[in-house]
Amino acid sequence: MNEIAKNVNSPKKVSKKVFEDVSSKLGSPSFIVAKEVSRGRRNSLCELTIELERALFEQRVGSIPFEVNALDRSEIVEKKLHQLNEEKQMKRSAAAAANRRNQELLVISSSRRQAPDSRPSTDQSVDYLNTDFPETEIENFMDKKLYRGESAKERFWGIYKSSRAFKDQSNQDEIEDPRLAYIKFCESRNVMPKAGILIKPEGIGADLNLANQNLSKSSILPIKEAIYRMKMPIESVDLTGNLLSNQASIDLLTALDDQASHLQVLNLFGNRMGIQAIEKLASGMPAHESLYHLNVGENHLGDRAANILLKSLADSKSLKFLNLSNNSIGRSSECSQVCDSLALLLWKSNSLENLDLSWNNLSGENSRKLIQRIPHSPSLLNLNLSNNALGLHLGGGEPAAADFEEVISGDSPLRVLDISFNMINGRTAFCLSYGLKHNAVLEQLNLSGNPIGKKGMLYLLACMNDPESSSAIE
């Protein structure tokens, strides 16, 4: 290092020979050499540092042709660095295994010297040099502690770094450890494993929380193989915001088939499920005896897919929460069938408490069937119908929103009703105010974003201030 610094301290510009000497003799990061250079000629510090880093980079991953574009260049670099890291880990694992074996042989030999009488006979002797010692202790894969907390994360990366993760497997189906299966299938698909896919913070989130992981087509297979091997009961799954395609959704739902009786929460919000994926979900619904929370919002299902799902939920005895928001319901001629299925669900279900149908296209006569069934629902407490078109006058008759007068004045247990941004006018607001006088259960009514005008507001205020009114809204 001193010799290099001496050459660089010369007043001349750094020559190519000096640069080659520096890069060839460099045994430590470039900032150490830069520190030495800074004692002498400071003007060449930046230039030399850049050249040193470039030389180190080419020494590690090799030169890349100049005509390769930036995207391909980054992929090449990433693959080569990943390959170098794997080779390093293999060497370290081999050295660690050799050290362990040497230690075990030393312990065996020392125990033989201390207790010669306990030495096995010649015909029963053990060949310790050819015996495979277990690398890890036997683990219970039904224990949730294997997938929770910092210690579980350290154990995951320990499996990744160990020789166990890289030795040849004649049959990958024989792998029992879900973590090892995930790592092995990631390796086969050239996908970098993420501990956060399987390992979660202690006591936080779902048992299988894959929300907003930007899952690609290549990363689905390792996750599916890990789920197949999870022997512990999975009670909650969160797949929010992954834009999963139709086939990817089917693959993950198929992997969860064995968990159907345990699953309680299934969150599929913000994906791109198609009719085939909904058919797969609907076909397995009878087995979901404990499912009480289902969120398929923002999947743009359309009327046909929504109708298939709603029919499968009609006989559910455990469902309490259902989100069908932003699914383009009401845009086709099959909207009537969807509303019929919704009305049937409200009539038959004794458990449904929260229903979200916001950001759809519900309007007209078809929506009246749904609204007229609300008073007959024995359990519905929270209904969100915001951002629809229930206030539109279609066909010259009264808008569907006017039927909420009967809903509010009836015996419905509904406590929260959100009909904001539905084009409701002052006349419909008058109908609602009349129903509010006779309702002592409803606690919240959201009418924001509607053109009810001054008269509509006065009707509602008069209702709430009427001493004879039984309204619970303040």
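Is Met 457 buried, exposed or partly exposed? With a relative accessible area of 41%, Met 457 is partly exposed; buried means under 20% relative accessible area, exposed over 50%, and partly exposed in between (1.4 Å probe, protein chains only). Met 457 belongs to helix α17, residues 453–465. Helices (H or I, at least four residues) and strands (E, at least two) are DSSP runs, numbered from the N terminus.

**Basis and confidence**

This is a predicted model, in which local features need pLDDT of at least 70 and side-chain atom pairs count only at pLDDT 80 or more, while totals for chains, interfaces and linings use all residues. Residues are numbered from 1 along each chain as its sequence is written, and side-chain values use heavy atoms, with hydrogens and water left out.

The mean pLDDT of the protein is 79, pLDDT being the predictor's confidence in each residue, from 0 to 100. A value of 70 or more is reached by 72% of the residues. Over residues 1–6, pLDDT stays under 50, and the model has nine contacts beyond four places in sequence for them. Residues 8–16 also have pLDDT under 50 throughout, with 17 contacts beyond four places in sequence. A contact means heavy atoms within 4.5 Å.

**Overall composition**

The secondary structure comprises 17 helices and nine strands. Of the 474 residues, 43% count as buried. Among contacts between residues at least 6 apart in sequence, 79% join residues at least 24 apart. The protein exposes about 26000 Å², of which carbon and sulfur atoms supply 50%; accessible areas come from the Shrake-Rupley method with a 1.4 Å probe, and for residues only the protein chains shown count as cover.

**Helix packing**

In α14 (residues 364–373), the buried residues are Gly 364, Ser 367, Arg 368, Leu 370 and Ile 371. They lie on the same side of α14, because they cover an arc of only 165° around the axis; the arc is that of the directions from the helix axis to the C-beta atoms. The buried residues of α14 pack against α13 (335–348) and α15 (404–409).

Helix α10 (residues 246–255) has Ala 248, Ser 249, Ile 250, Leu 252, Leu 253 and Ala 255 buried. The cover over these residues includes α9, β3 (265–267) and α11 (275–283).

**Surface positions**

Met 457, Leu 458, Leu 461 and Met 464 form a nonpolar surface patch with about 360 Å² of accessible area together. Patches are made of residues with over 30% relative accessible area and no salt bridge, like charges being joined within 9 Å and nonpolar side chains (Val, Leu, Ile, Met, Phe, Trp, Tyr) within 5 Å. A salt bridge is a side-chain nitrogen of Lys or Arg within 4 Å of a carboxyl oxygen of Asp or Glu.

Arg 427, in helix α16 (residues 426–436), counts as exposed at 55% relative accessibility. The C-alpha atoms of Arg 427 and Ala 402 are separated by 8.6 Å, with the two positions 25 residues apart along the chain counted as their distance apart.

**Positive phi**

Most residues other than glycine have a negative phi. Two residues with positive values are tabulated here.

| Residue | Phi | Loop | Relative accessible area |
|---|---|---|---|
| Asn 214 | near 55° | between β1 (208–209) and α9 (217–229) | 66%, exposed |
| Ser 328 | near 60° | between β5 (321–323) and α13 | 15%, buried |
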